[in-house]
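Visitor: I am new to reading protein structures, and I would like a close look at one part of this one. Could you walk me through the sheet and what packs around it?

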Amino acid sequence: MRHYEIIFMVHPDHSEKISLLLEKYKKIISNDGGIIHRLEDWGRRQLSYSINKLQKAHYILMNIEVFPKTITLLATEFRFDNTILRNMIMSMKKAIVESSPILKLKDDKKEKK
């Protein structure tokens, strides 16, 4: 099995369906014997440039360990799901389990308040 990092952006009007999307993708990963090392919901964030006349999107980060055929299946799911604006799948050398810098920054802001 190989390690991958996946970031995908969900249409902001479909933010309430995030849990359903995550369950669907978790099921695809677990059915093929994959492991989810890290799953982070970054929430709605400002886009650098507009996509389909949208200024914000809901971001999700996943670090997983799966077989390449599962990645092909996930990429197909992302491509044909209208709620996914963009996705990026990167191959990694090892599993990453610590919090991302974006989530750490978000937690630091909460602590200051």
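Visitor: Which strands does H2 lie across, and at about what angle does H2 run to S1?

Guide: Happy to help! Please keep in mind that this is a predicted model. Helix H2 lies across S1, S3 and S4, and its direction is at about 5° to that of S1.

Let's look at the sheet under that helix. It is an open sheet of four strands, in the order S2-S3-S1-S4, with antiparallel pairing. S2, residues 35–51, and S4 are the edge strands, since each of them pairs on one side only. From one strand to the next, the twist averages 20°. As background, strands of a sheet pair through backbone hydrogen bonds, either parallel or antiparallel.

Now follow one pair of strands. S2 and S3 run antiparallel and are joined by 11 bridges. For one example of partners, find Leu39, whose bridge partner in S3 is Met62. S2 and S3 also form a hairpin, with two residues between them. In that turn, Asn52 has a positive phi of about 50°.

Next comes the packing. In soluble globular proteins, nonpolar side chains tend to be buried together. Here the largest nonpolar core has 18 residues, and the members that touch the most others are Ile6, Phe8, Tyr25, Ile64 and Leu74. Strand S1 (2–10), helix H1 (18–31), strand S3 (54–66) and helix H2 (68–80) each give two or more residues to this core. H1 provides the largest share, with six residues.

Ile64 is a good place to pause. Beyond its neighbours within four places in sequence, Ile64 is in contact with Arg2, His3, Tyr4, Ile6, Ile29, Ile35, Ile36, His37, Ile71 and Leu74. Apart from this core lies another one, of 11 residues, including Trp42, Leu47, Leu54 and Ala57.

Let's move to the edge strand S4, residues 84–92, where you will find Ile89. Ile89 counts as partly exposed because its relative accessibility is 26%, and the range for that label begins where buried, under 20%, ends. Leaving out neighbours within four places in sequence, Ile89 has contacts with Tyr4, Glu5, Ile6, Ile71, Ala75 and Phe78. Ile89 also shows how a fold can bring together separate stretches of a chain: Phe8 is 81 residues away in sequence, yet the C-alpha atoms of the two are 8.6 Å apart in space.

Back in strand S3, look for Asn63. Asn63 is a polar residue to compare with that cutoff: its relative accessibility is 2%, so Asn63 counts as buried. The side chain of Asn63 makes a polar contact of 3.3 Å with the side chain of Glu5. Besides Glu5, the contacts of Asn63 outside its sequence neighbourhood of four places include Tyr4, Ile35, Ile36, His37, Arg38 and Ile96.

Glu5 leads us to the charged side chains. The count of salt bridges comes to five. In one of them, Glu40 pairs with Arg38, with the closest N and O atoms 4.0 Å apart. Glu40 is buried, because its relative accessible area is 5%, and Arg38 is buried too, with 8%. Salt bridges that share partners join Glu5, Arg38 and Glu40 into one network.

Two other salt bridges involve helix H1. Lys26 forms one with Glu23, and their closest N and O atoms are 3.8 Å apart. Both residues lie in H1, three residues apart, which is about one turn of the helix. Lys26 is partly exposed, with a relative accessible area of 29%, and Glu23 is partly exposed as well, at 49%.

The other one joins Asp81 to Lys24, with the closest N and O atoms 3.9 Å apart. This pair links distant parts of the chain, as Asp81 sits in the loop between H2 and S4 while Lys24 is in helix H1, 57 residues apart. Asp81 is buried, with a relative accessible area of 14%, whereas Lys24, at 34%, counts as partly exposed.

To return to your question, start again from H2 lying across S1, S3 and S4, and then trace the sheet order S2-S3-S1-S4.

Methods:
Residues are numbered from 1 along each chain as its sequence is written. This is a predicted model: local features need pLDDT of at least 70, side-chain atom pairs count only at pLDDT 80 or more; totals for chains, interfaces and linings use all residues. Side-chain values use heavy atoms; hydrogens and water are left out. A nonpolar core is a set of buried Ala, Val, Leu, Ile, Met, Phe, Trp, Tyr and Cys residues joined through side-chain atoms within 4.5 Å. Buried means under 20% relative accessible area, exposed over 50%, partly exposed in between (1.4 Å probe, protein chains only). Contact means heavy atoms within 4.5 Å. A polar contact is a pair of N or O atoms within 3.5 Å; within protein, one must be able to donate a hydrogen and the other to accept it, and residues adjacent in sequence count only if both atoms are side-chain atoms. Two strands pair if DSSP finds at least two bridges between them. Axes are lines fitted to C-alpha atoms, for helices over the stretch in contact, and angles run from 0 to 180 degrees between N-to-C directions. A salt bridge is a side-chain nitrogen of Lys or Arg within 4 Å of a carboxyl oxygen of Asp or Glu.
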